[in-house]
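Colleague: Before I use this model for anything, I would like to go through some of its local geometry and packing with you, one point at a time.
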Amino acid sequence: MATSGATEILLRYDDDQDRQHFETLFASDFVIHAFATDQGALDYLPSAPTMPTAIVLLPNRADGYLGSSLLAQARDHHPRILKILIGDAIALNLLVKLLDDQLIDRCFEQPVNPDVIRSHVLTAALTREGQTPSPDTSQAHEGPKPAILIVDDEPTATRYLSRQLERMQNEFRVLGATSAEEAQLVLQKDSDVAVVMTDQRMPGMHGKELLDQLRQSHPTVVRILTSAWGEVDVAMDAVNEGRIFRYQKKPWNAAELLSLFRKALIQHRALVSARNRSRSMAEQQFAELRQQRRARLLEHLSERVDGFTGEPITADFLDAVATVRTLPAQPPHLRASRETALEHDLVRDFAGLVGRQLDTLQSGHVHGIHNRQAFDQALTDAMESPAGASETQTPLMALCRALATLMNASGLERSALELTQTESRLMVTSASPLHIYSHLLAPITRLSRPLLEQQSALLMLFVSTRLLAGDIDVTGGEQSLQFRLWLPARTD
Amino acid sequence: MVAGQRRLRLYVTMGQRLLRDSLLFQILLHEEVELVGESETGVDTLNRLQGATPTVLLIEENLEDNDGLTIAEHALTVNPSLSILLISDTPVSSGRMTIYLEAGIKAVVSKDQPVQELIKTLFYIRNGQVYVGNWHQEPAPAAMLAYQALSGREREVAQLMASRLPVRDIAGRLGVSCKTVHSYKDRIFVKLGFERLPELILFMQRHQHGAAE
């Protein structure tokens with residue numbers, strides 16, 4: 001299920017029965033290339049037509065492949081391949097050693113849950129997330145000194161260790177927390193925490209749970225689990241689910257920890273620079289895409305829309321839309337724009353929808369016939385029956401329908417619109433801002449009906465206001481938009 | 001609940017009440033799950049998410065007011081450790097799946113899949129794990145094969161259970177003890193991969209004119 005064709009697995013096994021069992025479980029999910037020797041697998045790899053997504057190891061004894069030349073080669077030359085060890089009884093020492101040597105990415109005990117293995121492999125095939133960032137060797141890390149946070153409910157041990165570590169080096173600060181909850185507070189306050197080492201058994205939230213959360217909330221913070229208890233199942237889950245960097249057994253030794261933390265800091269810097277690179281690249285590339293999209297929208301809309309009103313409304317509308325700030329561009333947005341028909345469909349579907357709405361709209365400008373009561377009535381009608389039928393709409397109806405759509409999409413009631421009438425003008429203001437989570441010029445992953453309808457309602461607001469000889473003023477904010485529009489009016 | 005497991009605090013965003021209720025009836029049978037909030041729209045979800053502090057958000061992709069994926073992306077900026085399960089109308093391609101995963105969605109279940117798949121997925125993602133099922137495959141007729149592998153007596157008990165006969169009456173009719181019926185029942189559930197009686201009833205009735213005769 002990789003982007004092209006089936007997902008491939010390289011299986012290294014000792015026992016033919018294990019191979020058969022594995023093939024029975026996964027033959028319908030993966031193409032499996034099985035080898036009984038390291039050499040066989042190593043001969044296959046360079047000539048393989050497609051690189052396998054994963055190497056699965058099924059040794060007779062769990063520690064059987066510690067010295068495997070296949071694993072060492074895979075680590076050094078194929079960092080993108082996910083390495084999964086499946087053993088009968090995994091000893092904690094073995095797991096610690098495999099992590100230290102970075103020989104495996106996942107580790108499971110028999111009997112395995114096929115769902116979980118399949119999910120790990122398919123995820124790697126889809127996102128290539130098994131990829132570890134290349135270590136950042138640049139020593140240039142200006143800014144404040146990074147911090148190591150040690151979480152343990154035994155504060156005396158932590159304090160002693162902190163003092164020792166502070167004396168031994170000048171590269172990082174050492175912070176302490178006595179619970180997972182306190183650790184979360186420290187992380188909120190101190191943005192320079194680069195590494196978290198947490199004990200597993202603590203009252204309240206456990207260490208593994210904290211690391212699971214950190215993996216999502218602070219993906220560049222390097223995670224280390226430590227314990228005196230040697231629970232191998234927890235350690236294994238922490239590897240597979242928490243993607244911990246190392247498992248550190250207690251009791252601690254300051255010299256050993258110093259070298260561990262130094263390695264962790266290198267890893268942290270690699271993660272940060274990989275993230276920054278990907279962010280700035282995404283932003284840069286999206287800026288280009290946005291320009292192209294704007295040009296194509298103008299090209300497909302201007303003639304029709306501007307022809308209807310006799311004014312360059314399309315450009316005004318797009319400028320207004322661009323002032324709404326949405327979430328920054330990320331890799332999935334770029335992927336959607338490049339690898340799917342999104343860009344094409346967006347312009348086509350939006351232009352199509354706007355065209356259909358203009359088809360039912362009465363053309364020609366209307367002057368100064370609006371009073372508050374008439375507007376109120378039209379708005380009530382539009383709010384009650386938002387689905388515009390195909391009958392011809394007056395500009396006032398179109399305006400009110402557009403308002404209804406926008407209010408609905410923001411979860412706002414009619415009362416959020418303020419109407420004020422003076423001698424010659426009726427003013428309509430949004431008392432609370434409209435929610436605009438996505439728009440025509442924002443990074444998007446998918447074309448949806450609500451997006452198209454909300455955006456075309458916004459355009460129709462511009463068009464109908466002008467047809468009514470009024471004017472509109474729009475201010476974008478954080479995922480929000482405020483507007484004021486004036487219509488010529490008369491008092492009765 | 002396993003010590004150290006996060007309790008599954010569930011928030012559900014689905015437009016239609018009927019669909020939402022049907023799912024929740026099934027999901028809430030699991031005692032680790034606690035419903036902390038529900039919404040019909042995306043805007044309402046974002047307004048209430050922070051107060052509800054869910055660990056898992058189950059959200060439909062096609063909502064009335066906003067795109068479900070856009071809402072999910074915003075929910076993640078508010079609460080990055082939220083696990084999100086997206087419900088799509090149709091099966092997704094591998095290309096789309098990559099986009100979802102990169103956007104931080106933990107799993108996608110389509111409306112074409114059985115409810116058991118949704119519940120299984122919900123539990124796999126509870127700790128923030130990504131779960132990719134074999135969504136691209138035709139669902140294997142596993143339960144049907146398993147049913148055909150049941151013994152004659154097991155099938156008989158399954159049919160009686162599916163006609164909602166109490167265990168006591170089944171025991172009486174077959175001339176065995178209640179304990180024996182219970183052990184048949186356990187075996188049938190294990191073999192068919194079911195957890196509860198309604199699943200068995202649905203399976204038997206759905207296939208009553210087919211191979212489950």
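Modeller: Let us begin with R243(A), which sits in the loop between helix 9 (232–240) and strand 10 of chain A; please keep in mind throughout that this is a predicted model.

Colleague: What is the phi of R243(A), and is the residue buried, exposed or partly exposed?

Modeller: The backbone of R243(A) has a positive phi near 45°, although the residue is not a glycine. Most residues other than glycine have a negative phi. As for its surroundings, a residue needs 20 or more other C-beta atoms within 10 Å to be buried and 12 or fewer to be exposed; because R243(A) has 16 of them, it counts as partly exposed.

Colleague: Where in chain A does A469(A) lie, and what is its phi?

Modeller: A469(A) is placed in the loop that runs between helix 16 and strand 14 (471–477) of chain A. With 16 C-beta neighbours inside 10 Å, A469(A) is partly exposed. Its phi is likewise positive in a residue other than glycine, with a value near 60°.

Colleague: Which peptide bond is cis with omega near -5°, and which cis bond has omega of about 0°?

Modeller: Most peptide bonds are trans. The cis bond with omega near -5° leads into P111(A), a residue of the loop between strand 5 (106–109) and helix 5 of chain A, and its preceding partner is Q110(A). The cis bond with omega of about 0° involves P251(A), which lies in the loop between strand 10 (246–249) and helix 10 (254–309) of chain A, and the residue joined to P251(A) by that bond is K250(A).

Colleague: Which helix of chain A gives the largest share of the side that touches chain B?

Modeller: The contact draws 38 residues from chain A and 37 residues from chain B. On the chain A side, helix 5 (114–127), helix 8 (207–217), helix 12 (331–339), helix 15 (395–409) and helix 16 (449–467) each supply at least two residues. The largest share, seven residues, belongs to helix 8 of chain A.

Colleague: How do the residues on that side of chain A divide into nonpolar, polar and charged?

Modeller: Taking the residues of chain A that touch chain B, the division is 11 nonpolar, 17 polar and 10 charged.

Colleague: How many residues are in the largest nonpolar core, and which helix gives the largest share of this core?

Modeller: In soluble globular proteins, nonpolar side chains tend to be buried together. Here the largest nonpolar core has 164 residues, and those with the most contacts inside it include V195(A), L403(A) and I84(B). V195(A) in turn touches, among others, I148(A), V221(A) and F261(A), leaving out residues up to four places away in sequence. The largest share of the core, 11 residues, comes from helix 15 of chain A.

Colleague: Is I170(B) buried or exposed, and which residues are in contact with it?

Modeller: I170(B) is part of helix 8 (residues 167–174) of chain B. Because 22 other C-beta atoms lie within 10 Å of its own, I170(B) is buried. Neighbours within four places in sequence aside, its contacts are V157(B), L160(B), M161(B), L165(B) and V181(B).

Colleague: How far apart are the C-alpha atoms of K191(B) and A149(B)?

Modeller: K191(B) belongs to helix 9 (residues 178–192) of chain B, and it touches A146(B), A149(B) and L150(B), not counting residues up to four places away in sequence. K191(B) and A149(B) are 42 residues apart along the chain, while their C-alpha atoms are separated by 8.6 Å.

How values were computed
Residues are numbered from 1 along each chain as its sequence is written. Chains are lettered from A and ligands numbered from 1 in the order in which they are written. This is a predicted model: local features need pLDDT of at least 70, side-chain atom pairs count only at pLDDT 80 or more; totals for chains, interfaces and linings use all residues. Two residues are in contact if their C-beta atoms, placed from the backbone, lie within 7 Å. Helices (H or I, at least four residues) and strands (E, at least two) are DSSP runs, numbered from the N terminus. Ala, Val, Leu, Ile, Met, Phe, Trp, Tyr, Cys and Pro count as nonpolar, Asp, Glu, Lys and Arg as charged, and the others, Gly among them, as polar. A nonpolar core is a set of buried Ala, Val, Leu, Ile, Met, Phe, Trp, Tyr and Cys residues joined through C-beta atoms within 7 Å.
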